[in-house]
Amino acid sequence: MAIQRISSKWAKTKVLLRSQQVSAFIPLTLKYSQDALSNLLVDHTLVYIKPDKGTYGNGVMCVDRFDQEAAVDSSSRRSKLSQTSPYRLRYQTVTEYCRTIDELHSRITAQTKNNLYLIQQGIVLLQYHGRSFDLRILTQKTPYGTWETTGIIGRVAAKNKIVTNYHNGGTVGKLNELLAEHATPAEIARLERKLYDLGEWTAQQMQKEYPRLKEIGLDIALDENLYPWILEVNTLPAIFPFKKFFKDKNVYQRIEKYAIAYGRLSPKKNIKATGNTSKKSGSL
Ligand SMILES: Nc1ncnc2c1ncn2[C@@H]1O[C@H](COP(=O)(O)OP(=O)(O)OP(=O)(O)O)[C@@H](O)[C@H]1O
Ligand SMILES: [Mg+2]
């Protein structure tokens with residue numbers, strides 16, 4: 001039987017919210033509407049808007065609300081503009097300033113048309129050398145029927161991009177290196193263990209609704225307190241970066257072994273995906 005893949009982010013979010021253990025790591029997420037937009041912007045200075053069925057970071061937008069008080073002394077262009085236009089909308093390499101929620105909503109719907117989009121509490125990503133980064137956790141079904149987190153990789157956004165996706169110009173980095181200026185080695189080790197658990201809890205919860213699931217890739221944003229927020233759960237995660245970027249061969253060997261056992265990779269040409277999907281390399 002084919003490995004289960006689920007494209008609707010809304011469907012997957014609803015499943016995760018049913019688990020008390022996992023729901024604590026899900027940023028507030030709603031179906032996009034003008035009401036949702038204005039409500040979320042009351043409590044959050046950053047929100048993300050994304051297609052329910054998007055991939056590779058395509059169609060993702062973000063809005064940040066300018067904080068008047070924080071800018072009293074600033075004479076930057078952004079600051080001056082923001083006195084009159086407090087909402088900044090960004091997508092691809094476009095930036096637009098809006099005066100009101102009405103104006104912002106009409107700019108957003110010019111992009112979303114009639115498609116279902118989600119709006120999510122934004123997490124201000126940590127930075128590495130001036131670029132935002134988040135993490136991808138790979139969790140797989142083992143041949144023994146348990147779930148095991150088999151790899152974690154960092155994803156660094158291209159300069160001035162609001163998404164970290166590899167398919168949107170992002171690059172890949174190691175957890176230890178990306179976190180070096182934000183945490184001690186002991187803190188990083190503790191966080192890593194937590195992320196391993198989080199991947200496994202998430203897989204167990206998803207499996208209740210989707211019993212033919214074999215692998216997931218969690219997109220995790222760390223905030224300034226190193227709290228891990230689950231931005232989304234991919235059901236066709238990319239495997240190639242774990243082969244390409246890790247010196248430690250053992251990491252990829254285990255990933256490959258499990259992927260062969262559940263039929264994602266074929267034993268001979270192991271990098272060739274055998275799933276019946278057009279996005280063969282998977283998302284990163
Ligand atoms: N709430 C958020 N806060 C901060 N950054 C976010 C948020 N949601 C998305 N992003 C950024 O946008 C990127 C793309 O968003 P997301 O992973 O939800 O969709 P996608 O990558 O298009 O889907 P897929 O991973 O299935 O290809 C994330 O990897 C992250 O860098
Ligand atoms: Mg993603």
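Biologist: Let me begin with threonine 139. In which strand does threonine 139 lie?

Modeller: Threonine 139 lies in strand β8, which covers residues 131-141. Keep in mind that this is a predicted model.

Biologist: Is threonine 139 buried or exposed?

Modeller: Look at relative accessibility. Under 20% counts as buried. Threonine 139 has 0%, so it is buried.

Biologist: Which side chain makes a polar contact with the side chain of threonine 139?

Modeller: The side chain of threonine 149 does, at 3.0 Å.

Biologist: Now a second pair. Which side chain is joined to aspartate 64 by a polar contact?

Modeller: That of arginine 88, with a contact of 2.8 Å. Aspartate 64 sits in strand β3, residues 61-65. Its relative accessible area is 13%, so aspartate 64 is buried too.

Biologist: On to ligand 1. How many residues surround ligand 1?

Modeller: There are 22 of them. Tyr56, Gly57, Arg155, Glu232 and Asn234 are the closest. Sort the shell by residue type and you get 6 nonpolar, 10 polar and 6 charged residues.

Biologist: Which strands each supply at least two residues of that shell?

Modeller: Strands β2 (46-51), β6 (117-121) and β12 (228-234) do. The largest share, 3 residues, comes from β12.

Biologist: Where does ligand 1 lie with respect to domain 1 and domain 2?

Modeller: Check which domains give residues to the shell. Domain 1 (29-121) and domain 2 (125-261) both do, so ligand 1 lies between them.

Biologist: Which polar side-chain atoms should I look for around the oxygen atoms of ligand 1?

Modeller: Take three residues. A polar side-chain atom of aspartate 134 is 3.0 Å from an oxygen atom of the ligand. For arginine 155 the distance is 2.7 Å. For glutamate 232 it is 2.2 Å. Next, consider the surface of the ligand. Taken alone, ligand 1 exposes 610 Å², and the protein buries 98% of that.

Biologist: There is also a magnesium ion, ligand 2. Which residues are its protein donors?

Modeller: For a metal, look for the protein atoms that act as donors. Here they belong to Asp219 (OD) and Glu232 (OE), at 2.1 to 2.2 Å from the ion.

Biologist: Why does this pair tie together separate parts of the chain?

Modeller: Aspartate 219 is in strand β11 (residues 215-222) and glutamate 232 is in β12, so the pair links parts that are 13 residues apart in sequence. Aspartate 219 has 5% relative accessibility and counts as buried. Glutamate 232 is buried as well, with a relative accessible area of 16%.

Biologist: What about the backbone? What sign does phi usually have in residues other than glycine?

Modeller: Most residues other than glycine have a negative phi. Histidine 129 has a positive value, near 50 degrees. Leucine 226 is not a glycine either, and its phi is positive, about 65 degrees.

Biologist: Where are these two residues placed?

Modeller: Histidine 129 is in the loop between β7 (126-128) and β8. Leucine 226 is in the loop between β11 and β12. Their accessibility puts them in opposite classes. Histidine 129, at 60%, counts as exposed, whereas leucine 226, at 14%, counts as buried.

Biologist: One last residue. Where is arginine 5 found?

Modeller: Arginine 5 is in the segment before α1 (9-17). With a relative accessible area of 26%, arginine 5 is partly exposed. Now compare sequence with space. Arginine 5 and glutamate 215 are 210 residues apart along the chain, yet 9.2 Å separates their C-alpha atoms.

Notes. Residues are numbered from 1 along each chain as its sequence is written. Chains are lettered from A and ligands numbered from 1 in the order in which they are written. This is a predicted model: local features need pLDDT of at least 70, side-chain atom pairs count only at pLDDT 80 or more; totals for chains, interfaces and linings use all residues. Side-chain values use heavy atoms; hydrogens and water are left out. A residue is near a molecule or strand if one of its heavy atoms lies within 4 Å of it. A polar contact is a pair of N or O atoms within 3.5 Å; within protein, one must be able to donate a hydrogen and the other to accept it, and residues adjacent in sequence count only if both atoms are side-chain atoms. Accessible areas come from the Shrake-Rupley method with a 1.4 Å probe; for residues, only the protein chains shown count as cover. Helices (H or I, at least four residues) and strands (E, at least two) are DSSP runs, numbered from the N terminus. Ala, Val, Leu, Ile, Met, Phe, Trp, Tyr, Cys and Pro count as nonpolar, Asp, Glu, Lys and Arg as charged, and the others, Gly among them, as polar. Domain bounds come from an automatic or database domain assignment. Donors are N, O and S atoms within 2.8 Å of the metal (3.2 Å for Na, K and Ca); water is not among the atoms, so sites may look incomplete. Buried means under 20% relative accessible area, exposed over 50%, partly exposed in between (1.4 Å probe, protein chains only).
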